[in-house]
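Biologist: Got a minute? I'd like to go through this one with you.
Modeller: Sure, pull it up.

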Amino acid sequence: MAQASLKSVSGYLPLLRFDRKVARGELRWSGLGGSGRGRRSVAGWDEDALTMAVEAARGLGAADPLEGVVFASTSSPFSDRSMAGLVVEGLRLDPSVSAQDVANSRRAAVTALLKALRGSSTELVVAGEKRTVRPGTSQHLNWGDGAGAALVGPGDGLAELLGAATINADLLDIFTDAEHGLPYAAEDRFVRDEAVREIYVPAVRAALADAGVAPADVALAVMPESVDGTYKAVAKSCGLNAANVCSEIAAQAGDLGAAMPLFGLALALDRAEPGSKLLVAGFGNGADVLVLEATGTANGQAARALSRGVVLASYSRFLSLTGMLPLDWGPRAEVNQKVAASTLLRHGRDMHGFVGGRDRKGNVQFPKTPIPVRPDAQGLEEYEDVPLADVPARIVSITADRLNFTPDPPFYFGLVQFDNGARVAMEHCDIEGRSPEVGDRVRMRFRVKAIDRQRHFRTYFWKAAPVERPELPPEPQKEA
């Protein structure tokens, strides 16, 4: 049976990047502001591990019919609602596809990727993280929000697996108690020394031996570091000369948890030449280490995600977006947003997949009302499904409102005209700086629609966003 190859890989980061020097200035009195170097990706209030994973998967491009979807995260918004199943609906995949959630380990996505690469079926592996961390900890500034996705299947692709190794060891560098919900970190030097000696070095050596690849032949490494200096020590012990792309990601967006290896692999394949050897690791209570050979070049999604965004320079807004500043929004925030389970079951696929309908006279609308909104409609009609998520669209009207409640004001909404004729009243997202204008082109983003804070439930839909994100400005250089 032929071994599968990596067909495509992609990464997604939210728009906002918190400037760590802002925290250093705000917390200087306490000594808890960190180094102040670099930036950290910050998800919007309406983004979570699922929405970002769906966005990463959308960056993969067209795919053959899938046989399986795996969702990996240590920060899934639900513990008993299948996020992989919602990925299936959000991407409008066949509802009969196998859907599996894997969690409780930052290396879960790499474990799933390894299993897929050793098989022969077409599998989608996605990972997303939006972890909750207490202010003052190094993790609050050094962890970031983001996602990665990898498509594996038979035939030629971007990379093929040459060898791999696994080490299981209960090294408690970070643990999060399910009842408490916030992570606890061990002492850095202990973590670094033990991760190097007991996990990374033996796993890397075993993977290289399994692949028949010399350490000096590795062109790029994708090795998450829970503590700075880990990769440097591993490289010295194993004879690696390759740069670690995870160091770059950590500086510009933070540690992406379970999504870090997939995002890093996408970035590495944006840069690797065919024939280059790549070392990819997943770390967490052990490690999975893969040795891959690049056979193509990725589509640049990860590189673009890393270089585009908007700098966030407000510490209070950063605290609010990360759930660490519970503001009293007053009566406006007390709207009951309960959604019936029967509604989700009946209309969830159309809502999550943004599927409208074409009536018998060719008009496209969303949602599919029993009687079309066409003026001359006389009664019930059958619709042809029309997915809208990838249809080009433009703004017909837009309003910035501070009376309607949103956890990150203002609340943007208006009419969006799709090129296929559909016109939908929609919320807008990812608006920073210049307000959009009538006629501006927009693209659809999968987002949290509403959060029922009484029952701790959230619903998902699509929002309109600017087509392009701005290039991030370079970080100012320190004066000599």
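Biologist: What's the relative accessible area of Lys-368?
Modeller: It is 27%, and that makes Lys-368 partly exposed. Partly exposed sits between buried (under 20% relative accessible area) and exposed (over 50%), using a 1.4 Å probe and protein chains only.

Biologist: Where do these numbers come from?
Modeller: The model is predicted, so local features need pLDDT of at least 70 and side-chain atom pairs pLDDT 80 or more, while totals for chains, interfaces and linings use all residues. Residues count from 1 along each chain as its sequence is written, and side-chain values use heavy atoms, without hydrogens or water.

Biologist: OK. Which residue forms a salt bridge with Lys-368?
Modeller: Asp-350 does, with the closest N and O atoms 3.2 Å apart. A salt bridge here is a side-chain nitrogen of Lys or Arg within 4 Å of a carboxyl oxygen of Asp or Glu.

Biologist: Where do the two sit in the chain?
Modeller: Asp-350 is in helix H12 (residues 341–353). Lys-368 is in the loop between strands E17 (364–365) and E18 (384–387), 18 residues apart from its partner. Helices (H or I, at least four residues) and strands (E, at least two) are DSSP runs, numbered from the N terminus.

Biologist: And how accessible is Asp-350?
Modeller: Asp-350 is at 24%, so it counts as partly exposed.

Biologist: How many salt bridges turn up in the whole structure?
Modeller: The search finds 37. One of them joins Asp-46 and Arg-447, at 3.1 Å between the closest N and O atoms. Asp-46 lies in the loop between E3 (39–42) and H2 (49–58), while Arg-447 lies in strand E23 (441–452). They are 401 residues apart.

Biologist: Are those two buried or exposed?
Modeller: Asp-46 and Arg-447 are both buried.

Biologist: What about Asp-48, which residue does it meet?
Modeller: Arg-458, at 2.9 Å from N to O. Arg-458 is in strand E24 (457–466) and Asp-48 is in the loop between E3 and H2, so the salt bridge ties together parts 410 residues apart in sequence. Asp-48 is buried, at 3%.

Biologist: Back to Asp-46. Which residues share a salt-bridge network with it?
Modeller: Glu-47, Glu-427, Asp-430, Arg-447, Lys-449, Lys-463 and Arg-469 are linked with it.

Biologist: New topic. How many residues of H4 are buried?
Modeller: Eight of the ten, so helix H4 (108–117) is mostly covered.

Biologist: Which ones?
Modeller: Ala-108, Ala-109, Val-110, Ala-112, Leu-113, Leu-114, Ala-116 and Leu-117.
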